[in-house]
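Let's take a walk through this one together, a piece at a time. Have the viewer open and follow along as we go.

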Amino acid sequence: MERTVTVVPEAGLHARPASEFVQTANQFETDLSVGRAGDGEDSLVDAGSMLAVTGLNIGHGESVRIVAEGPDAAAAVDAIETVLTTPLDDGSETA
Amino acid sequence: MRTLTGIGCTPLAGVGTARWYRPETALTLPEQADPDQVEQHEEHGRFETARNEARAAIARARRRAVDRVGEEEATIFDAHREFLDDPQLVGDIETAIESGTPAEHAVADRFERAITRFESMEGRLSERADDLRDVRDRLLRALLDVDTVDLEGLPRGTVLLAERLRPSDTARLDPEAVTGIATRTGGRTAHTVIMARALSIPAVVGLGDRLDGVHGGTDVLVDGPAGELVVNPTENRRAAASDPTTPVRSERVTTVDGCEIPVAANVGTPAAIDVASNRGADGIGLFRTELLFLDRTTPPDEDEQYEAVTTALESFPGDRVVVRTLDIGGDKLVPYLDLPVETNPFLGRRGLRLSLDEHSELFETQLRALLRAAASDHGDGLAVMFPTVSRVSEVETARDRIETVAADLAAEGVEHAVPELGAMVETPAAAVLAGALADRLDFLSIGTNDLTQYVMAADRENDAVADLHDPLHPAVLRTIDQTVTAAHDAGAWVGLCGEMAGDPALTRLLVGLGLDELSMSATTVPAVKERLSNTETEAARSLAEQALSCDRRAAVRDLLTDG
């Protein structure tokens, strides 16, 4: 399954949101990929790799495409969406 | 399995994970080895160990950041942990290792690629490059064994490898965590070794250049009795080396014929006092007070010294605690005292010489603490001795200082007492004058490490003359004998606190030489007690007489082997 989500945190997919994103992705058995929405299949990277996720260089307000294949795919996509749509407490860059 | 031979310093063995202590090394990569020479399996293991160390270090840094800065700021370390465990990065590094790249080169190279990629992009990504550098450097420090080590906070099961350890370094080690010490240089009477024994840490020194080939993260066995460092030991090898457990006897032991000789411990730190007590020592035969003066910027005050001494007295109620006054100089330097650098410090201003002269104020403070301690609850067990004595006048001057301090304390209305007083016999001069010194004192204590060094003119730290630095040389044995006889004639008792006291193979000889107390590293107390309880005084005397008639060390050794 797949879903497209708009990134809410001010920091974009960097620093703390990125850490949380990767930690969350690694909690699930399903294979999770992530890419910039509209960039096509080639841009999809391993959602469990901090290096790859940060390397997407996705900012606040951009849309990302999440692709999941595996037993707990739906739960994984839901959890990832929560991370991407939860603003940080003070909305500031922390790391 | 690979065995390196050095000098065993403790009759103990320990296994653990090797960790280099190299405070001086920079973070530079060694030249890359030929891919065929690289052991893939070993490199994978090293990388894994380095990651574990880095992960633990990041967790610690995170906790510190939470404490000092806040939870929010500490999240940077979550990002570091994610980079450390990044499946792409880890996968890339492992692939590189599989193609014959040593772990440190694989890490440096793959991180560099990621860093370059991040830096080529805009904005926040170039900041992330710094995080990658941070993680990379943690890994490289672990792989290159560059010290970031907090000696006090070493993880349990650490075997510390070093060029050499300063006594102050060794004093910082936690005997619960450090299961062994292995150094490139050093002899069996180096101060570090003595302290390692006092802490009951297995130690092998003088391993030489081959120690450089032992990487951090490898499993090693420090076999003190055998004097070996075993890399990747097999189960059988480990079992064979495990501590031959002599039962600890806390009560005094006597010879077969009922002659009681206290088996005391040499200590310098509070931790060592506990170890000594646990190993069944009958008191302390050498309390090295200079260790209270190391690793700080000002000398300890009177109250602190009083506390240290009374604590030792309380740990050994009914036993004697022999405190040696400050013995600095020689190889034991205290930066804040600003002692001049000497070309030959072992023949320079050290021990009592400094206490009576340029550091008389330190001596006075120490004497005040000691005289007060002598009046404390267990103060009647206190004995005080002076180091590096070579003249009768030095002892007389020291006694005068004690009388002055006692008069001062009396005038101040401070409770005090004058303890038993003695001198160390370390110099040939003191040995020759033993009778005259003993006339003015209650006891003598023979420090055979320095005495051997001075009698044989053989530097105890110089491996090239290690063969000469052996108290079994007839010149040293006869010096000991003459000292004991002269002191007994003058009505003084004589202890021996050199490392030879801790060798069970020499116990009979020392009993035969007439020593009244033996003091040693705590580790060896049970073994010496065991030997003492099987010794017959008459046979021991006859052994000593024969040994004293030998002109060559080889003959002395033969005697000991036959006996």
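**A sheet in chain A, helices in chain B**

Start in chain A, where A:Val34 has A:Ile66 of strand 4 as its bridge partner. Keep in mind throughout that you're looking at a predicted model. That residue pair belongs to a longer run: strand 2 (residues 31-36) and strand 4 (residues 63-69) of chain A are antiparallel and joined by six bridges. Zoom out a little and you'll find an open sheet of four strands in chain A, ordered 1-4-2-3 with antiparallel pairing. Strand 1 (2-6) and strand 3 (45-46) of chain A sit at its edges with a single partner strand each, so each has one side without a neighbour in the sheet. As you turn the view, remember that side chains in a regular strand point alternately to one face of the sheet and the other.

Now over to where the two chains meet. On chain B, 18 residues are in contact with 18 residues of chain A. Which elements of chain B give two or more residues to the side that touches chain A? They are helix 2 (71-74), helix 3 (76-84), helix 4 (87-98), helix 5 (103-120) and helix 6 (124-143) of chain B. Helix 3 of chain B provides the largest share, with five residues. As for chemistry, this side of chain B has eight nonpolar, two polar and eight charged residues.

Further along chain B, there are strands to look at again, and here the pairing is parallel. Strand 12 (residues 382-386) and strand 13 (residues 420-425) of chain B run parallel, with four bridges between them. Within that pairing, B:Met385 stands opposite B:Gly422 of strand 13 of chain B. To get from strand 12 to strand 13 of chain B, the chain goes through helix 14 (residues 392-412) of chain B, a right-handed β-α-β crossover. On to the next pairing: strand 13 of chain B is also joined by four bridges to strand 14 (residues 443-446) of chain B, again parallel. There, B:Val425 stands opposite B:Ile446 of strand 14 of chain B.

Helix 14 of chain B is worth a second look for its packing. Helix 13 and helix 14 of chain B pack at about 65°, with axes 10 Å apart, and the crossing is right-handed. Helix 13 of chain B brings B:Phe363, B:Glu364, B:Leu367, B:Arg368 and B:Leu371 to this contact, and helix 14 of chain B brings B:Arg401, B:Ile402, B:Val405, B:Ala406 and B:Leu409. That comes to seven nonpolar, no polar and three charged residues.

Helix 13 of chain B also packs against helix 11 (residues 302-315) of chain B, at about 40° with axes 8 Å apart. That angle is why the two helices, 11 and 13 of chain B, count as oblique. Among the residues in this contact are B:Tyr306, B:Val309 and B:Leu313 from helix 11 of chain B, and B:Ala369, B:Leu370 and B:Ala373 from helix 13 of chain B. The contact of helix 11 with helix 13 of chain B has six nonpolar, four polar and three charged residues.

Finish with helix 17 (residues 448-456) and helix 18 (residues 474-489) of chain B, which pack at about 120° with axes 10 Å apart. They are therefore oblique to each other, and helix 17 of chain B passes helix 18 of chain B in a right-handed crossing. B:Leu451, B:Thr452, B:Val455 and B:Met456 of helix 17 of chain B meet B:Ala475, B:Val476 and B:Thr479 of helix 18 of chain B. By class, that contact has five nonpolar, two polar and no charged residues.

Note on methods:
Residues are numbered from 1 along each chain as its sequence is written. Chains are lettered from A and ligands numbered from 1 in the order in which they are written. This is a predicted model: local features need pLDDT of at least 70, side-chain atom pairs count only at pLDDT 80 or more; totals for chains, interfaces and linings use all residues. Two strands pair if DSSP finds at least two bridges between them. A crossover is right-handed if, with the strands pointing away from the viewer, the path from the first strand over the helix to the second runs clockwise. Axes are lines fitted to C-alpha atoms, for helices over the stretch in contact, and angles run from 0 to 180 degrees between N-to-C directions. Angles under 35 degrees count as roughly parallel, over 145 as roughly antiparallel, 65 to 115 as roughly perpendicular and the rest as oblique. Two residues are in contact if their C-beta atoms, placed from the backbone, lie within 7 Å. Ala, Val, Leu, Ile, Met, Phe, Trp, Tyr, Cys and Pro count as nonpolar, Asp, Glu, Lys and Arg as charged, and the others, Gly among them, as polar. A crossing is left-handed if the near helix is turned anticlockwise from the far one by less than a right angle, and right-handed if clockwise.
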